[in-house]
Amino acid sequence: MQTKKFLLSEQDIPRAWYNVVADMAVKPHPMIHPVTHEPIKAEDLYPLFSKAASDQELNTTDAFIEIPEPVRELYRIWRPTPLVRAEALERALDTPAHIYFKNESVSPVGSHKLNSAIAQAYYCKQEGVTNITTETGAGQWGAALSMAAKHFGLELAVYMVKVSYEQKPYRRSIMQTYGAEVISSPSMSTKAGRKIITDHPNYSGSLGTAISEAVELAMSTPNCKYVLGSVLNHVALHQTVIGLEAEKQMEMAGEMPDVVVACFGGGSNFSGLAFPFLRHNLKNGANIQFIAAEPASCPKLTRGEFQYDFGDEAGYTPLIPMYTLGHKFTPANIHAGGLRYHGGGAIVSQLRHDGLIDAVDIPQLETFEAATLFARTEGIIPAPESSHAIAATIREALKAREEGRKKVILFNLSGHGLIDMTAYDRYFSNDLTNYRVTDEDIARTTAGLEQIL
Ligand SMILES: *Cc1c(COP(=O)(O)O)cnc(C)c1O
């Protein structure tokens, strides 16, 4: 095992996040208020989110937005993260491709999620908020926010998707260690949860439902805000520290990526790595290819509809213009819990619609095969989510081999899989299957969505 690592020093932690919307010729359509059907204004979001996050959500003009010093201070615990040339993986694939990965798994909670959790918790604290709520799928976001909430002295309630609550008890323990309250969703503690339990007593939960519950609690609790870990523009913004660092590190390596790959749940780690590189295409006529790797069981960018849809199951959030499988879509219980989300976020969806990024969908077994090869070559056990990016990278590297040409591939290792070993166990005992959604399923759950004009 031999790796080339590109390391930055603490002064290189970015001082500003990159807001790609400012550089987009075609901006995303506005979010729509679910009741008035008017475009959302920042004030409409203030009751739900912090004011700073709401303003960032709608900012279409500032290409760079300053990172507050207390946020940078906390980033110092693990940032800048390493960029690694995966030479052992290259050799195993016998490919002329150069493969690099940005290692976001080195954060204290093991994923990229902390980049936005810290920023959002900080803004809530600044604005005098005392309580925050959120949802979590696989538990990565909940773990990150628990750490950030404790640091800034906020009380946190996390609605955790029932199937993960049961499959991933250690993520729950991590959240509790940081002092958060964790509730299995659907729960009887909210109207949205009670309704779905009454209608479907055996429902295993979804991110959409957990979001409904967290939003409902935030709206009915004084001095409480809701904090979201993906999908929204301000979350994508905070994650751009990944790509901004990687840009400098690729420069150190003396190469520019031809292809940038990341797995795709709601789009935050993809956006975080991709947007600073996409800037080269938008501003300098570069021709970098971007690939979002999503699960075949939840293929919103590859097979969803570009429509207005709710971000949550119950329909409490604003209508978001995005590629979606419909907010009533229930993904199969794959182990990449963080990718089980029905929609794709406004910015990424617009970029996809305009042909500026590509997407692939990958069956579950291929992701575990890729994960195992990565662990055995590069020494890091990847999260099942990140394994989608690895699988897509391997496809590109093998294509380069067939074509007999060098290609520089950069992917994001969004997290490690050390708390996901149950999933690996099931893979090794041939207990995992591929799930593919049928066209009929998609037609059913996307029927009746609001047209984007
Ligand atoms: C949450 C998560 C994802 C998916 O979320 P995005 O917002 O699409 O990035 C991917 N990888 C890991 C490790 C995660 O925790």
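Q: What puts a residue near the ligand?
A: A residue is near a molecule if one of its heavy atoms lies within 4 Å of it. This model is predicted. Here 18 residues surround the ligand. Lys113, Ser230, Gly265, Ser268 and Ser414 are the closest.

Q: How do the residues of the shell divide into nonpolar, polar and charged?
A: The shell around the ligand holds 12 polar residues, 4 nonpolar ones and 2 charged ones.

Q: Which polar atoms of the protein lie within reach of a polar contact?
A: A polar contact pairs N or O atoms within 3.5 Å. Take the backbone to begin with. A polar backbone atom of glycine 265 is 2.6 Å from an oxygen atom of the ligand. For glycine 266, a polar backbone atom is 3.0 Å from a ligand oxygen. Histidine 112 uses its side chain: a polar atom there lies 3.2 Å from an oxygen atom of the ligand.

Q: How much of the ligand's area does the protein bury?
A: Taken alone, the ligand exposes 380 Å². The protein buries 97% of that.

Q: Which cavity is the space taken by the ligand?
A: That space is the largest cavity.

Q: Now the whole chain. Into which domains is the protein chain divided?
A: Domain 1 covers 4-12 + 66-110 + 234-446, and domain 2 covers 114-228. Their C-alpha centres lie 23 Å apart.

Q: How many residues of each domain are in contact with the other?
A: On the domain 1 side, 39 residues are in contact with 36 residues of domain 2.

Methods: Residues numbered from 1 in each chain as written. Predicted model: local features only at pLDDT ≥ 70, side-chain atom pairs only at ≥ 80, totals over all residues. Heavy atoms only, no water. Polar contact = N/O pair within 3.5 Å; in protein donor to acceptor, adjacent residues only side chain to side chain. Areas by Shrake-Rupley, 256 points an atom, 1.4 Å probe, with all protein chains shown as cover. 1 Å grid on protein atoms, 1.4 Å probe; cavity = no way out; pocket = protein on both sides within 12 Å on 5 of 7 lines; lining within 4 Å. Sits in = over half its atoms within 2 Å of the grid points. Nonpolar A, V, L, I, M, F, W, Y, C, P; charged D, E, K, R; others polar. Domains from an automatic or database assignment. Contact = heavy atoms within 4.5 Å.
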